[in-house]
Amino acid sequence: MSLLARLAPHLPYVRRYARALTGDQATGDNYVRVALEALAAGEQQLSPDMTPRVALYHVFHAIWSSTGAQLEDLSGVEGGSDAASRLLRIAPRSRQAFLLTALEGFTPSEAAQILSADARDVERLIAEAQSDIDAELATDVLVIEDEAIISADIQSLVKELGHRVTGAATTHEEAIEAVSRHRPGLVLADIQLADGSSGIDAGKEILQNINVPVIFITAFPERLLTGERPEPTFLITKPFQPETVKAAISQALFFHPSRHREAA
C-alpha cells in the first residue's frame, strides 16, 4: 500500500488539529503539507512502533516543534474571545496535549507517543489546560438529577471547577422552571427522572429556547445511542469517574460555539 493510501483516511483530522493548534487554517494546512513533503522525500519516516494515525501526528509534531512552535505570534490574542484565541492563551505544550485528547480523541498514552513525552506528563499537561479553560469559562450550571446523593456529587464537581450551581431539578417540569428563573450556561442531565419524566425531553425543550451545551449522565446510554440524529455530543455512563465528568465539562464549554459568540 502506498504512503498516500495509508495516510489518506487520517489527513482531514490532522488538518483539523493543525488548524486548531495554530489558530489559522492556512498556517495549519501549510504545516501539514510540509510534513507530508518530508515523508515523501524520506526526511521523516512513520514509526513502525506506532499506528499510522499516531505516527502521522508524530511526524507533524516533529516538523511543528522545529519551526512553527518557535515562531508563535501571540500579538492581539489577549483581546480575542473566539476558540482560536482561547487556545492560543493556553501554554503551547498544554494546548497540544489538550487538543490531542479532547479534539482528536487520542488516549493520554497515544498523545505521549505523539509528543515524545511521558504519559504522566501528558496527563499533567491536560489537567493544566483544563484548569486554564475552567477559570476562563466559569458559568452557571443547571443539574437535572433525581438521586440526591448523585446530584450532590455532581454539584460538588461543578463547584470544584469554579462554576456556579444555580439550579437543581429532579423532574422535567422543575428543570424548565429552573431555566425560566435563571438561564444556565451548561446543563448536566440524567435521563430517567423522579416522576417518570425524561431528562432527554427536558434537554430538548431547553435547547428549543437557549443554545447551551448539554451533558447527559446516565445509566442508560443505549437510550441515546440509537443511531438516530441528533445524538448528544457528551454522554457519560453511570457509575461515572469524577475526572471523566470534569473533562467533559471543560470540553463542552470550550468547544460549544455559542459560548464564544456570547463572550464576545
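This report walks through a predicted model of a protein, from its overall make-up to a few single residues.

## The protein as a whole

Let's start with the broad view. The predicted model contains 13 helices and 5 strands. The chain has 264 residues, and 48% of them count as buried. About 12,900 Å² of the protein is exposed, and carbon and sulfur atoms supply 50% of that area.

Contacts can also link parts of the chain that are far apart in sequence. Taking the contacts between residues at least 6 apart in sequence, 68% join residues at least 24 apart.

## The sheet

Strands of a sheet pair through backbone hydrogen bonds, in either a parallel or an antiparallel way. Here, 5 strands form an open sheet, and the pairing is parallel. Reading across the sheet, the order is β2-β1-β3-β4-β5. At the edges are β2 (164-169) and β5, each of which pairs on one side only. From one strand to the next, the twist averages 20 degrees.

Two of the pairings are worth following by eye. Strand β1 (residues 140-144) runs parallel to β2, and 5 bridges join them; Val141 stands opposite Val165 in β2. Towards the other edge, strand β4 (residues 214-218) and β5 pair in the parallel sense over 4 bridges. Phe216 has Leu235 of β5 as its bridge partner.

## A closer look at β5

In a regular strand, side chains alternate between the two faces of the sheet. Which residues of β5 point to the buried face? In this strand (residues 234-237), they are Phe234 and Ile236, which point to one face and are buried. Leu235 and Thr237 point to the other face and are not buried.

Helix α12 (residues 242-255) lies across β3 (186-189), β4 and β5. The helix runs at about 175 degrees to β5.

## Two helices that meet

Now for a pair of helices. The axes of α2 (residues 11-22) and α4 (residues 52-66) come within 11 Å and cross at roughly 35 degrees. The crossing of α2 past α4 is right-handed. On the α2 side, the contact is made by Leu11, Tyr13, Val14, Tyr17, Ala18, Leu21 and Thr22. Helix α4 brings Leu56, Tyr57, Phe60, His61 and Trp64 to the contact. What kinds of residues make up this contact? There are 10 nonpolar and 2 polar residues, with no charged ones.

## Residues to look up

Ala178 is found in helix α10 (residues 172-181). Is Ala178 buried or exposed? Its relative accessible area is 8%, under the 20% cut-off, so Ala178 counts as buried. The C-alpha atoms of Ala178 and Ala168 are separated by 7.6 Å, and these residues are 10 residues apart along the chain.

Most residues other than glycine have a negative phi, and most peptide bonds are trans. Two spots in this model go the other way. Ser116, which is not a glycine, has a positive phi of about 55 degrees. This serine is found in the loop between α7 (108-115) and α8 (119-136). With a relative accessible area of 57%, over the 50% cut-off, Ser116 is exposed.

The second spot is the peptide bond from Lys238 to Pro239, which is cis, with omega near -5 degrees. Pro239 has its place in the loop between β5 and α12.

How values were computed: Residues numbered from 1 in each chain as written. Predicted model: local features only at pLDDT ≥ 70, side-chain atom pairs only at ≥ 80, totals over all residues. Heavy atoms only, no water. Axes fitted to C-alpha atoms, helices over the stretch in contact; angles between N-to-C directions. Helix = DSSP H or I, 4+ residues; strand = E, 2+ residues; numbered from the N terminus. Left-handed = near helix turned anticlockwise from the far one by under 90°. Contact = heavy atoms within 4.5 Å. Nonpolar A, V, L, I, M, F, W, Y, C, P; charged D, E, K, R; others polar. Buried < 20%, exposed > 50% of the residue type's maximum accessible area, 1.4 Å probe, protein only. Pairing = 2+ DSSP bridges. Areas by Shrake-Rupley, 256 points an atom, 1.4 Å probe, with all protein chains shown as cover.
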